[in-house]
Amino acid sequence: MNTRYEFNMDVPPREAIRLMYVSKSRFGGDWNSVPHTHSCTEVFYCVDGRGQFNVEGKMLDVAPDDMVIVNPRTLHTELSY
């Protein structure tokens, strides 16, 4: 299950931070993510459950209240269990 909340804001100056969207996801056994990159920073916050992030080949365990920040153009993928 994935819910995405879009923010339609004017584009700020290049130096400013812009929140593009927030999504709420529930990953189950049917979740299949492939390694990918983005042109922006991506922030993940684990509310419940456990999983792993593969960031540039390094496996990171995540649990409730963990936050993962992935820099632009960094190869990553999410894994749940």
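Reading from the N terminus, the elements of the chain run β-β-β-β-β-β-β. That gives seven strands and zero helices. Keep in mind as we go that this is a predicted model. The mean pLDDT of the chain is 83, and 80% of its residues reach 70 or more. Confidence varies along the way: among the elements, strand 1 (residues 2-6) has the lowest mean pLDDT, 71, while strand 5 has the highest, 95.

Let's take the chain as a whole before zooming in. Of its 81 residues, 19% are buried. The exposed surface comes to about 6600 Å², and carbon and sulfur atoms supply 52% of that area. Among contacts with a separation of 6 or more, 46% are between residues 24 or more positions apart.

Now to the interior. The largest nonpolar core has six residues: Phe44, Phe53, Val55, Val62, Val68 and Val70. Strand 4 (51-55) and strand 6 (67-70) each contribute at least two residues to this core. Phenylalanine 53 is a handy place to stand and look around. Setting aside residues up to four places away in sequence, Phe53 touches Phe44, Val62 and Val68, and also Lys58, Met59, Leu60, Thr77 and Glu78.

Thr77 leads us on to strand 7, which spans residues 76-80. Two residues of this strand deserve a visit, beginning with histidine 76. Is histidine 76 buried or exposed? With a relative accessibility of 1%, it falls below the 20% cut-off and therefore counts as buried. Beyond its neighbours within four places in sequence, histidine 76 is in contact with Val34, Pro35, His36, Thr37, His38, Glu42, Phe44, Asn54, Val55 and Val70. Phe44, Val55 and Val70 in that list also belong to the nonpolar core. The histidine 76 side chain has a polar atom 2.9 Å from the backbone oxygen of threonine 74.

Next along the strand, threonine 77 is buried as well, because its relative accessibility is 5%. Leaving out neighbours within four places in sequence, its contacts are Ser33, Val34, Pro35, His36, Gln52, Phe53 and Asn54. Which side chain does threonine 77 meet in a polar contact of 2.7 Å? The partner is the side chain of serine 33.

Serine 33 sits in the loop between strand 2 (21-25) and strand 3 (42-45). At 19% relative accessibility, serine 33 lies under the 20% limit, so this loop residue counts as buried. Apart from neighbours within four places in sequence, serine 33 is in contact with Thr77 and Glu78. Its side chain also makes a polar contact of 3.1 Å with the side chain of glutamate 78. For a sense of the separation in sequence, serine 33 and histidine 76 are 43 residues apart along the chain, with their C-alpha atoms 9.3 Å apart in space.

Other loops are worth a stop too. Between strand 5 (58-62) and strand 6 we find proline 64. Proline 64 has a relative accessible area of 35%, so it is partly exposed. How far apart are the C-alpha atoms of proline 64 and aspartate 48? They are separated by 4.8 Å, although the two residues are 16 positions apart along the chain. Not counting residues up to four places away in sequence, proline 64 touches Cys46, Val47, Asp48, Gly49 and Arg50.

The loop that holds proline 64 also contains aspartate 65. Aspartate 65 is exposed, with a relative accessible area of 57%. Its phi is near 75 degrees, a positive value in a residue other than glycine. Glutamate 56 likewise has a positive phi, near 55 degrees, and is found in the loop between strand 4 and strand 5. Glutamate 56 counts as exposed because its relative accessibility is 53%, over the 50% mark.

Finally, a word on the cysteines. Cysteine 46, one of the residues touched by proline 64, is buried with a relative accessible area of 14%. Cysteine 40, by contrast, is partly exposed at 27% relative accessibility. The chain has zero disulfides.

Note on methods. Residues are numbered from 1 along each chain as its sequence is written. Side-chain values use heavy atoms; hydrogens and water are left out. Helices (H or I, at least four residues) and strands (E, at least two) are DSSP runs, numbered from the N terminus. Buried means under 20% relative accessible area, exposed over 50%, partly exposed in between (1.4 Å probe, protein chains only). A polar contact is a pair of N or O atoms within 3.5 Å; within protein, one must be able to donate a hydrogen and the other to accept it, and residues adjacent in sequence count only if both atoms are side-chain atoms. Contact means heavy atoms within 4.5 Å. Accessible areas come from the Shrake-Rupley method with a 1.4 Å probe; for residues, only the protein chains shown count as cover. A disulfide is a pair of cysteine sulfur atoms within 2.5 Å. A nonpolar core is a set of buried Ala, Val, Leu, Ile, Met, Phe, Trp, Tyr and Cys residues joined through side-chain atoms within 4.5 Å. pLDDT is the predictor's confidence in each residue, from 0 to 100.
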